[in-house]
Amino acid sequence: MSNDSAPSRRGFLTGALAAGGAIAGSRVAAQTPDPAITELQPWMQYLGDGVDARPYGTPSKHEAHVIRRNVEWLTADPVSSVNFTPLHELDGIITPNGLCFERHHAGIAEVDPAAHRLMINGLVDKPLVFTMQDLMRFPRENRVYFLECAANSGMEWAGAQLNGCQYTHGMIHNVMYTGVPLRLLLEEAGVKTNGKWIMPEGADASAMTRSIPIEKAMDDCLVAFKMNGEALRPEQGYPVRLVVPGWEGNMWIKWLRRIEVGDQPWHHREETSKYTDLLDNGIARRFTWEMDAKSVITNPSPQAPILHSKGPTVLTGVAWSGRGTIPRVDVTLDGGKNWHQARMSGPSFDKSMHRFYFEFDWDGKPLLLQSRAHDSTGYVQPTKDELREIRGENSIYHNNGIQTWHVNERGEAENVEIS
């Protein structure tokens, strides 16, 4: 493994001074008057809006392009479809609420919290019904977790398809959830000794259900009503949803209305014909809940080209694992011939996104960019070919293979695969 060091700050500044005081890639030399400095801009001369003009804050109009986006041909109808988080426009690890990807099976349920109830029934000592106010009286916790759809990167099994990390990896977000540990609600109802599974059910028109082992339910699951400090958005399950840390997003039931306790899994649609991994021999793996370690370089990438000429360049991306933390990410600029350890930055939470950076001097020649995540269990993110040797190409779900971007001399990036 190559351990070439990133350019030092002193070297960066020396190079800038040698270029006449202009950072490499600047369009205007320092000696040329810059109107942005020498002339008064409109916003410097007039009063702006007052504090009451925007009672719920919105992004700058100059950021209007930073939105979730759909792929029209991906599904037959947008009511049962998905849109994608613009990962290439974000930094840090927290996804703003308005940019968290959506996956619906019957559209967005607009639920009145005053009329909403959560029932626990089945193999319990006393069936219970909770109002939202009832839930608020239980001890609550704050946890930062990623939520990833099992179909994230699913179009890439047979080769490079979608051009942009928003589309190849954007079925994921990472937020702070506030909620009640599910364990406390189940303990209140009293799970019988033969209660081994739970079946959460959503209140939308699809009545989404999944089977979850009681061990997971009693471990780290939350019944959440807030994300990033404010109430859940309707598209994220308002007023209450299930949080199943590290496990595939289809299990995180939105608009949660009922939890049944049983003695065996239910084998409903979403865990039989869907959300199972079809292998080469036609047999499907079931109950592959955990999301394996994965990463993607978000910049440079097809939607975020290099906009400067050769010189100091910042590469960044995100990594995550459903089994723990990400202590290390390696990156390569030449398609895997040489690997460099990236710089991890920001908090490292269990089952959460991690941000990495790699600073380097770009020589203006083509690049083959990849990232490779290592999680806290020792698992190392595989190549796509390594996955295919085991899984074939029939699957839709759980593709955590290494992603490759080709960057040309103009800084433009493209989704490619290399053997």
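## Aromatic rings

Trp197, Trp247, Phe287 and Trp289 form a cluster in this predicted model, joined to one another through ring pairs. In total, 10 aromatic pairs are counted.

One of these pairs is tilted, because the ring centres of phenylalanine 146 and tryptophan 320 are 6.4 Å apart and their planes meet at 55°, an angle that is neither under 30 degrees nor over 60. The two residues come from distant parts of the chain, 174 residues apart. Phenylalanine 146 belongs to strand β5 (residues 141-148), and tryptophan 320 to strand β16 (residues 311-320). Both are buried: the relative accessible area is 1% for phenylalanine 146 and 0% for tryptophan 320.

Phenylalanine 358 and phenylalanine 360 make a stacked pair, because their planes are at 20°, which is under 30 degrees. Their ring centres are 6.0 Å apart. Phenylalanine 358 and phenylalanine 360 are buried.

## A charge over a ring

Tryptophan 339 has a charged residue over its face. That residue is arginine 372, placed 4.0 Å from the ring centre.

## Nonpolar cores

The largest nonpolar core consists of 57 residues. Within this core, the residues with the most contacts are Tyr177, Leu182, Leu185, Leu186, Ile198 and Val223. Leaving aside residues up to four places away in sequence, leucine 185 touches Leu118, Ile120, Phe130, Leu135, Phe138, Val180 and Val223.

A second core is separate from the largest one and has 30 residues. Among them are Leu87, Ile297, Ala342 and Val407.

## An open sheet and a helix across it

Five strands make up an open sheet, in the order β4-β3-β12-β7-β8. The pairing in this sheet is mixed. Its edges are β4 (128-130) and β8 (212-213), each of which pairs on one side only.

Strand β3 (residues 118-122) and strand β12 (residues 256-262) run parallel and are joined by 4 bridges. Isoleucine 120 has isoleucine 259 in β12 as its bridge partner. Isoleucine 120 is also one of the residues that leucine 185 touches.

Helix α5 (residues 182-189) lies across four strands: β3, β4, β7 (197-202) and β12. Relative to β3, helix α5 runs at about 55°.

How values were computed:
Residues numbered from 1 in each chain as written. Predicted model: local features only at pLDDT ≥ 70, side-chain atom pairs only at ≥ 80, totals over all residues. Heavy atoms only, no water. Phe/Tyr/Trp six-rings, centres within 6.5 Å; stacked < 30°, edge-to-face > 60°. Buried < 20%, exposed > 50% of the residue type's maximum accessible area, 1.4 Å probe, protein only. Lys NZ or Arg CZ within 6 Å of the ring centre and 35° of its normal. Core = buried A, V, L, I, M, F, W, Y, C linked by side-chain atoms within 4.5 Å. Contact = heavy atoms within 4.5 Å. Pairing = 2+ DSSP bridges. Axes fitted to C-alpha atoms, helices over the stretch in contact; angles between N-to-C directions.
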